[in-house]
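Open the model in your viewer and keep a selection box ready. Each stop below says what to pick next and what is there.

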Amino acid sequence: MRKTFHQDNPSDLKLGSPLAWLVVLISALFFFYEFLQMNMFNTINADLMCAFNINGIQVSNLSAAYFYADIILLFPAGIILDKFSTRLVLSIAMAVTVAAMFVFAFTDNYWLAFSMRLLSGFGAAFNLLSSLRLASRWFPATHLALITGVVVTMAMLGGLVAQTPMTILVAHLGWRHAILVDVGIGLLFLILIIIIVRDRPKGYIEAHIEKPNSMKLGKTIVYILRNRQNWFGGCYTSFLNLPILVLGALWGTQYLTQANGFSRTQASLINAMLFIGTIIGAPIAGWISDAVRKRKIPMIIGAFISLLLALCIRYLHAPSFATMLILFLALGIFTSAQIISYPIITESNPLALTGSALGFASVLIMGGGAVFQPLMGWLLDLHWDGSKINDVPLYSITDYHFAFMLFPLMFVISLLFSFLIRETNAIEEY
């Protein structure tokens with residue numbers, strides 16, 4: 001076990017307390033906010049193409065700049081969180097993100113917008129890691145999968161706000177003023193984080209193995225890279241997270257309007273089902289995994305059913321609005337099994353290296369967005385005949401079907417990784 005707690009130790013009374021929930025949930029507001037930034041391009045995709053006079057690959061690269069920055073800083077972010085105050089790091093990252101979005105709202109220059117998107121991605125490197133770092137101090141290990149599910153649910157709420165609510169806001173205010181509203185929300189969240197979040201419960205006593213990581217940087221990196229659990233867990237989540245990273249964050253609305261003939265409001269509602277499904281599925285997946293003390297079986301089931309759903313979405317002819325609502329909702333529910341890889345990684349590394357291990361896994365996870373968003377745009381442009389409406393590329397259903405062959409392929413690979421992962425039985429090894 002990593003920790004030894006006694007009933008007469010005051011820190012025990014703090015673990016899992018209402019204050020613990022408040023601290024972790026307030027810290028997760030940053031995750032909510034960053035998911036709003038990550039997914040809002042799905043709503044303003046066509047507006048950006050028109051405003052900057054760009055095509056599919058260019059808007060994909062603009063969106064993916066968030067992921068480029070994210071994966072560059074994620075591993076260092078984990079090391080930073082292992083060495084410095086979580087509250088301080090979280091506050092600085094949030095402030096940088098809000099400032100970047102403020103500049104983005106006003107610029108007419110593509111490369112300045114690209115730079116601000118990069119800055120937003122740099123801040124995002126700390127969102128999930130900060131919440132999980134705090135959860136490892138404020139909650140017992142037997143609750144980690146459930147807490148991870150709740151934290152991910154907060155992020156999905158941000159992704160949900162980026163769909164229909166953002167669509168309505170953009171329709172009434174325009175995309176630039178909608179982003180200024182987003183900046184105001186970020187400032188409010190920043191104030192709450194500064195006021196409420198604390199690094200650890202009062203009286204918290206750490207065992208000697210939990211002292212800040214004193215291992216040299218090179219040895220830390222080698223240790224993390226040699227642990228196959230970190231690789232398998234990160235890749236599993238990366239590929240299973242593809243619908244959120246590609247459909248939810250960028251191409252979902254345009255695919256549903258252009259290829260299936262839905263209105264923008266209908267498309268945003270369908271796309272929102274991905275996030276609602278994950279909001280439902282993530283806590284349930286975490287609770288089931290904790291309750292049965294098994295990690296692999298829920299992961300295998302989630303990947304297999306997600307593969308079947310992706311095939312239905314890819315090959316179903318002229319689906320109705322109700323059918324797509326159900327399919328996207330189910331896809332969100334079953335792909336939420338991805339959250340179980342986080343407790344597996346936490347349980348497979350020393351607590352002093354938790355941030356570093358999760359940071360490395362997050363590089364693999366967010367790397368999916370950096371790779372597959374531009375790849376999707378490239379595949380669409382590759383199959384595109386050059387048609388445009390109001391300076392926005394018009395892709396056909398065959399263009400989308402050609403590009404969307406990625407989904408079943410990546411889900412097969414994710415399923416393979418779920419078999420390679422070693423079962424931890426929800427038991428900490430260090």
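The tour goes through helices, salt bridges and cavities, in that order.

**Before you start**

This is a predicted model, in which local features need pLDDT of at least 70, side-chain atom pairs count only at pLDDT 80 or more, and totals for chains, interfaces and linings use all residues. Residues are numbered from 1 along each chain as its sequence is written, and side-chain values use heavy atoms, with hydrogens and water left out.

Helix labels follow DSSP runs (H or I, at least four residues), numbered from the N terminus.

**Stop 1: helix α3**

Select residues 56–83, which make up helix α3. The expected span of a helix is 1.5 Å times one less than its number of residues. For the 28 residues of α3 that gives 40 Å, and the end C-alpha atoms are 41 Å apart, which agrees. Now centre on L74. A kink of about 40° lies there, shortly before the proline P76. The bend at a residue is the angle between axes fitted to the seven residues ending there and the seven starting there.

**Stop 2: helix α17**

Move to α17, residues 354–383. Its 30 residues should span 44 Å at 1.5 Å a residue, and the end C-alpha atoms are 43 Å apart, in agreement. A kink of about 30° is centred on M366. Colour by accessibility next. Buried means under 20% relative accessible area, exposed over 50%, and partly exposed in between (1.4 Å probe, protein chains only). In α17, 24 of the 30 residues are buried, so the helix is largely enclosed by the rest of the structure. Keep M366 in mind for the cavities.

**Stop 3: helix α12**

Select 242–258 for α12. How far apart are the end C-alpha atoms of its 17 residues? They are only 20 Å apart, short of the 24 Å that a straight helix would reach at 1.5 Å a residue. Look at W251, where α12 bends by about 85°. Burial is extensive here too: 15 of the 17 residues are buried, so α12 is largely enclosed by the rest of the structure.

**Stop 4: the salt bridges**

A salt bridge is a side-chain nitrogen of Lys or Arg within 4 Å of a carboxyl oxygen of Asp or Glu. How many does a search of the whole structure find? Three.

Show R176 and D108 as sticks. Their closest N and O atoms are 2.7 Å apart. The pair links distant parts of the chain: R176 sits in helix α9 (residues 175–196), and D108 in the loop between α4 (86–104) and α5 (110–124), 68 residues apart. R176 is partly exposed at 22% relative accessibility, whereas D108 is exposed at 62%.

Next, show R295. Its side chain meets that of D290 in a salt bridge (3.1 Å, N to O). R295 is buried, with a relative accessible area of 0%, and D290 is buried at 14%. Add E347, which forms a salt bridge with R295, the closest N and O atoms being 2.4 Å apart. E347 belongs to helix α16 (residues 341–347) and R295 to the loop between α13 (264–292) and α14, 52 residues apart. Shared partners join D290, R295 and E347 into one network.

**Stop 5: the largest cavity**

On a 1 Å grid over the protein atoms alone, a cavity is a set of points where a 1.4 Å probe fits but cannot get out; lining residues have an atom within 4 Å of a point. Points are joined across faces, edges and corners, and a volume is the space filled by probe spheres set on them. The count is three cavities of 30 Å³ or more.

The largest has a volume of about 240 Å³. Select F31, F35, L128, Y342 and M366: of its 23 lining residues, these are the closest to the centre. Helices α1 (18–39), α3, α6 (127–138), α7 (144–161) and α17 each supply at least two lining residues. The lining divides into 16 nonpolar, six polar and one charged (Ala, Val, Leu, Ile, Met, Phe, Trp, Tyr, Cys and Pro count as nonpolar, Asp, Glu, Lys and Arg as charged, and the others, Gly among them, as polar).

**Stop 6: the second largest cavity**

Finish at P243, L247, A310, I313, R314, L331, F404, F407 and F411, which line the second largest cavity. Its volume is about 80 Å³. Which helix gives the most to this lining? Helix α14 does, with three residues. The lining divides into eight nonpolar, no polar and one charged.

Notes:
On a 1 Å grid over the protein atoms alone, a cavity is a set of points where a 1.4 Å probe fits but cannot get out, and a pocket is an open set with protein on both sides within 12 Å along at least five of seven lines; lining residues have an atom within 4 Å of a point.
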